[in-house]
There are 2 protein chains.
Amino acid sequence: MTAEAEARGRILAVARRLFFAHGFGRVTMDEIASELAMSKKTLYRHFASKEDLCEAVIDAAFTAIDAELAAALDDVRLGFEDKLDRFMRIVAAGYEEARGPLLTDLHRDAPSLWARVDAWRSKVVHTRTRALFAAGKRAGVFRPDVPEDLVVRLVIGNAQNILRPDVLAALGLSFPEAFAHCKAVLLDGVRARPCNGGRGAAH
Amino acid sequence: MTAEAEARGRILAVARRLFFAHGFGRVTMDEIASELAMSKKTLYRHFASKEDLCEAVIDAAFTAIDAELAAALDDVRLGFEDKLDRFMRIVAAGYEEARGPLLTDLHRDAPSLWARVDAWRSKVVHTRTRALFAAGKRAGVFRPDVPEDLVVRLVIGNAQNILRPDVLAALGLSFPEAFAHCKAVLLDGVRARPCNGGRGAAH
DNA sequence: AACTCAGGAAACTTTATCGGTTTCCTCGGT
DNA sequence: ACCGAGGAAACCGATAAAGTTTCCTGAGTT
């Protein structure tokens, strides 16, 4: 790896963290440069503009998510429930990419970048998760009366909204505990089962 | 009602819509005054500052939501499922209050207002929804192994993320259809039931 | 008619912000 | 010594917006 590629990689990592946490307009190039202990001049030698930097961040992030989801989907050793498990984990880990301040900001400040994220989301996260549920339906594992697209949004929304450090802290749950609960409710709902022995234990 | 109270009410209504849709920092007093066909001078005669206006908006909004949730919770003619139904509808209608650009903005630009919203959310939405689930658990209607606080977040998150005009349009579903699906998944999950005739119909 | 007050439109004041550019300087390599 | 990379920070230009004030009009009252 060349020095330039290494520097570029560091820039992307810092920019990714800041943009996804705080949005596009709220993160200054001064701030990014400062955190990298780098002058703005150098930063601009790697990326021609703030938008160029953000675009590179978006592309890198979603390319990685796509690879992870594809690997899970194609893993023949996994059943549907395990695949769902993997999907939720991937989405929870990448939650900041699919929601949050960056999208809100881009919608206003850089519409073309917003469109880019939206396209990636649609192409990667929704499409692969939908494929999982469609296959599960055909295999008779998932109920046939609920549209896949809606379930996709439930999966993604629940993973994002709950499997986050701040929410886990508020709930007083560990990640594995919360994860198990989310999955249980997603698979079997909140209705009590009078004949279901597997759920008798008091929480 | 006096002319002042009437004007004040109009201001609150417009400010509420704009703040909740676009956030605090992105909505200017010029914009609010313009939409009201009012001069900024007059606007400032009713509210001393932008923050004062936003604070009044927040308080009015959550007071209304609280009243609605309390009415649903205390309605002895409703069973748990109907109460859940009502809660989801109230939350979906008020989704912009509980999430969205306003919160993100306030966290940064007006921390004391952010804390105010957070306190209201905790006090009103979470507390009443949690009471519903706790009662449902005691009555044996809801499963005992999932913490109420987590379910509360699932209910609220699902209502907010899906029961919105843009998402409904993308899904090609009407509000009643999407609502029914969300409720079905929340109550009974996505797992197929081999012996459940009530779900045999293809979507 | 003259005066007063309310209130709209818009100019004004003040302050702050930030993307992108340039200057000054130091250090390492040749 | 010279050159180039790069950090710190000043600079430039443009923009934005909260809050204040001016100019003007219309309605009501005396």
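By class, 5 nonpolar, 4 polar and 5 charged residues make up the surface near DNA strand C. This is a predicted model. The surface near DNA strand D divides into 5 nonpolar, 4 polar and 5 charged residues.

**DNA strand C**

In total, 14 residues surround DNA strand C. The closest are Lys40(A), Tyr44(A) and Lys50(A) from chain A, with Thr42(B) and Arg45(B) from chain B. Which part of the strand faces the protein? Of the strand C atoms within 4 Å of the protein, 52% belong to sugar or phosphate, and the rest belong to bases.

Three polar contacts to strand C can be listed by residue. Lys40(A) places a polar side-chain atom 2.8 Å from a base nitrogen. The side chain of Lys41(B) has an N or O atom 2.8 Å from a base oxygen. Ser39(B) uses its backbone: a polar atom there is 2.9 Å from a phosphate oxygen. The elements giving two or more residues to this surface are α3 (40-46) of chain A and α3 (40-46) of chain B.

**DNA strand D**

There are 14 residues around DNA strand D. Those that come nearest are Thr42(A), Arg45(A), Lys40(B), Tyr44(B) and Lys50(B). Sugar and phosphate account for 55% of the strand D atoms that come within 4 Å of the protein.

Ser39(A) has a polar backbone atom 2.8 Å from a phosphate oxygen of strand D. Arg45(A) reaches a phosphate oxygen with a polar side-chain atom, at 2.4 Å. Lys40(B) has a side-chain N or O atom 2.7 Å from a base nitrogen. Here too, α3 of chain A and α3 of chain B each supply at least two residues of the surface.

The table sets out these polar contacts for both strands.

| Residue and atom | DNA atom | Distance |
|---|---|---|
| Lys40(A), polar side-chain atom | base nitrogen, strand C | 2.8 Å |
| Lys41(B), side-chain N or O atom | base oxygen, strand C | 2.8 Å |
| Ser39(B), polar backbone atom | phosphate oxygen, strand C | 2.9 Å |
| Ser39(A), polar backbone atom | phosphate oxygen, strand D | 2.8 Å |
| Arg45(A), polar side-chain atom | phosphate oxygen, strand D | 2.4 Å |
| Lys40(B), side-chain N or O atom | base nitrogen, strand D | 2.7 Å |

**The loops on either side of α3**

Ala37(A) sits in the loop between α2 (29-35) and α3 of chain A. Its phi is near 55°, a positive value in a residue other than glycine. Is Ala37(A) buried or exposed? Ala37(A) counts as exposed, because its relative accessibility is 74% and the exposed class begins over 50%.

Ala37(B) lies in the loop between α2 (29-35) and α3 of chain B. Ala37(B) is not a glycine, yet has a positive phi of about 55°. With a relative accessible area of 75%, Ala37(B) is exposed.

Phe47(A) is found in the loop between α3 and α4 (50-74) of chain A. Its relative accessible area is 3%, so Phe47(A) is buried; the cut-off for buried is under 20%. What does Phe47(A) touch, leaving aside neighbours within four places in sequence? Its contacts are Arg8(A), Ile11(A), Leu12(A), Asp52(A), Leu53(A) and Ala56(A). Leu132(A) is 85 residues from Phe47(A) along the chain, and their C-alpha atoms are separated by 38 Å.

**Chain A overall**

Chain A has 11 helices and 0 strands. Its C-alpha atoms fill a box of roughly 70 × 35 × 35 Å along the principal axes. Of its 203 residues, 49% count as buried. Among chain A contacts with a separation of 6 or more, 63% join residues 24 or more positions apart.

**Helix α1 of chain B**

Helix α1 of chain B covers residues 3-22. What span should its 20 residues give? At 1.5 Å a residue, the expected span is 28 Å; the end C-alpha atoms are 28 Å apart, so the two agree. The buried residues of α1(B) are Ala7(B), Ile11(B), Leu12(B), Val14(B), Ala15(B), Leu18(B), Phe19(B) and Phe20(B). Just after the helix, Gly23(B) takes a positive phi of about 95°.

**Where the chains meet**

In the interface, 46 residues of chain B are in contact with 46 residues of chain A. The area buried between the two chains is about 4,400 Å², and carbon and sulfur atoms give 58% of this area. On the chain B side, Arg26(B), Arg143(B) and Val190(B) lose the most area to chain A. Together they make up 17% of what that side buries.

Key: Residues are numbered from 1 along each chain as its sequence is written. Chains are lettered from A and ligands numbered from 1 in the order in which they are written. This is a predicted model: local features need pLDDT of at least 70, side-chain atom pairs count only at pLDDT 80 or more; totals for chains, interfaces and linings use all residues. Side-chain values use heavy atoms; hydrogens and water are left out. Helices (H or I, at least four residues) and strands (E, at least two) are DSSP runs, numbered from the N terminus. The expected span of a helix is 1.5 Å times one less than its number of residues. Buried means under 20% relative accessible area, exposed over 50%, partly exposed in between (1.4 Å probe, protein chains only). A residue is near a molecule or strand if one of its heavy atoms lies within 4 Å of it. A polar contact is a pair of N or O atoms within 3.5 Å; within protein, one must be able to donate a hydrogen and the other to accept it, and residues adjacent in sequence count only if both atoms are side-chain atoms. Ala, Val, Leu, Ile, Met, Phe, Trp, Tyr, Cys and Pro count as nonpolar, Asp, Glu, Lys and Arg as charged, and the others, Gly among them, as polar. Contact means heavy atoms within 4.5 Å. Buried area is the accessible area (1.4 Å probe) that two parts lose on being put together, summed over both.
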